[in-house]
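Q: Please take a close look at one part of this model, the packing of its helices and the residues around it. A connected account would be preferred to a list.

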Amino acid sequence: MARHPAPDHVEWSSVTVRGRRVCYAAGGAGIPVVFIHGWALGNRSYKRALKRLIQLGCSVHAPALPGFGGSSELPGRSPDLRGHAAWLADFMDAVGVGRPALVVGHSLGGAVAARLAHDHPDRVARLVLINAVGAAVWKEAAGEVRYLAERPIWEWVADFSRDMATTDGLGSALRAIVEDAVPNVARNPAGVWRAAGLARRVDLRRELESIAAGGPPVTAISSEGDLVVPAASFRALCRSLGVDGRLVPGRHSWLLGRPDTFGAVMADVLAAAGPAPGPTLLPAANQ
């Protein structure tokens with residue numbers, strides 16, 4: 001008897017964009033969604049989160065960013081977010097995402113998603129920023145603002161490690177590190193380091209204000225215990241966008257260990273955007 005894939009099946013494939021290989025995950029049918037992963041990881045880390053989107057009636061495409069997860073790097077020594085956004089628009093063309101999509105970005109992927117919405121607003125129906133970098137603020141106190149670029153790199157690395165070690169669903173987070181982050185660091189340590197530098201210095205507040213003035217609607221989400229993107233940065237991001245952000249329990253990478261919570265959050269986003277076609281499947285816990 002022939003075996004049929006599960007309704008939330010995720011397939012792994014590759015496509016050529018500008019003569020360079022891009023690895024990506026895809027699955028589902030319905031509302032077009034482009035999902036962009038965070039720093040040092042790749043699309044495989046988010047498999048359970050991607051399944052929740054498919055279960056909600058979405059057609060999901062999740063590329064591995066340049067230099068990560070088997071995707072070729074962009075040309076040049078220090079590609080910027082403008083280049084990443086143009087690359088992402090070309091990727092959407094290459095895989096046939098022909099209409100504006102719900103674009104979801106986590107961590108550094110949030111900055112890439114925001115730049116896409118700013119530079120290519122016709123490609124984005126709605127923007128969802130999850131624990132996103134881009135607002136540049138590290139600390140605010142007594143009228144003084146300090147910026148993420150001032151944050152010592154050793155402190156950032158230590159907080160990132162501590163955040164991952166205390167993420168809900170630790171086993172899932174560790175599997176993600178083994179599956180994606182460790183190979184990324186082994187294959188491309190310089191690229192991982194450059195991406196970390198980009199995440200520390202990027203300041204998209206003017207672009208976010210422009211999106212708020214005439215771009216697609218935006219949902220901003222963070223978590224109460226995020227040690228990587230501080231609360232001051234999230235507040236600055238929400239101010240720039242003119243939105244009330246949403247906080248969920250957990251650490252920076254909460255959606256890796258708590259995909260059901262991610263599914264519930266995204267169900268609210270889709271409900272606000274309009275009815276999804278077809279029935280919603282009940283997620284199977286911890287798949």
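How many helices and strands does the secondary structure of the protein chain come to? And which residues in helix 7 meet helix 8?

A: The model is a predicted one. The secondary structure of its protein chain comes to 10 helices and 10 strands. Of the 287 residues in the chain, 53% are buried. Among contacts between residues at least 6 apart in sequence, 77% join residues at least 24 apart.

The account may begin with helix 7 and its partners. Helix 7 (residues 205-214) packs against helix 8 (residues 231-241), with the two axes 7 Å apart and at an angle of about 40°. An angle of that value makes helix 7 oblique to helix 8, because it falls neither under 35 degrees nor in the range of 65 to 115. From helix 7, the residues that take part are Arg205, Leu208, Glu209 and Ala212, and they meet Leu237, Ser240 and Leu241 in helix 8. By class, this contact has 4 nonpolar, 1 polar and 2 charged residues.

Leu241, one of the helix 8 residues in that contact, deserves separate attention. Its relative accessibility is 6%, so Leu241 counts as buried, the cut-off being under 20%. Apart from neighbours within four places in sequence, Leu241 is in contact with Leu129, Leu208, Ala212 and Val218. Two of these partners, Leu208 and Ala212, belong to the helix 7 side of the packing described above. Leu129 lies in strand 6 (124-130), and Val218 in strand 9 (residues 218-223). In addition, the C-alpha atoms of Leu241 and Arg206 are 9.5 Å apart in space, although the two residues are separated by 35 residues in sequence.

Helix 7 also packs with helix 3 (residues 108-119); the axes of these two helices come within 9 Å and cross at roughly 55°. Helix 3 is therefore oblique to helix 7, and the crossing is left-handed. Here Ala114, Arg115, Ala117 and His118 in helix 3 meet Glu207, Leu208, Ser210 and Ile211 in helix 7. The classes represented are 4 nonpolar, 2 polar and 2 charged residues. Leu208 thus appears in the contact with helix 3 and in the contact with helix 8.

Just before helix 3, the loop from strand 5 (101-106) contains Ser107. Ser107 is not a glycine, yet its phi is positive, at about 60°. Most residues other than glycine have a negative phi. With a relative accessibility of 6%, Ser107 counts as buried.

Asn131 is another residue other than glycine with a positive phi, near 45°. Its position is in the loop between strand 6 and strand 7 (137-141). Asn131 is buried as well, at a relative accessible area of 0%.

From Asn131 the description passes to Ser223, since the two are in contact. Ser223 is placed in strand 9 and is buried, with a relative accessible area of 5%. The side chain of Ser223 makes two polar contacts with backbone oxygens: that of Gly250 at 3.5 Å and that of Arg251 at 2.7 Å. Beyond neighbours within four places in sequence, the contacts of Ser223 also include Leu247, Val248, Pro249, His252 and Trp254.

Definitions and conventions: Residues are numbered from 1 along each chain as its sequence is written. This is a predicted model: local features need pLDDT of at least 70, side-chain atom pairs count only at pLDDT 80 or more; totals for chains, interfaces and linings use all residues. Side-chain values use heavy atoms; hydrogens and water are left out. Axes are lines fitted to C-alpha atoms, for helices over the stretch in contact, and angles run from 0 to 180 degrees between N-to-C directions. Helices (H or I, at least four residues) and strands (E, at least two) are DSSP runs, numbered from the N terminus. Angles under 35 degrees count as roughly parallel, over 145 as roughly antiparallel, 65 to 115 as roughly perpendicular and the rest as oblique. A crossing is left-handed if the near helix is turned anticlockwise from the far one by less than a right angle, and right-handed if clockwise. Contact means heavy atoms within 4.5 Å. Ala, Val, Leu, Ile, Met, Phe, Trp, Tyr, Cys and Pro count as nonpolar, Asp, Glu, Lys and Arg as charged, and the others, Gly among them, as polar. Buried means under 20% relative accessible area, exposed over 50%, partly exposed in between (1.4 Å probe, protein chains only). A polar contact is a pair of N or O atoms within 3.5 Å; within protein, one must be able to donate a hydrogen and the other to accept it, and residues adjacent in sequence count only if both atoms are side-chain atoms.
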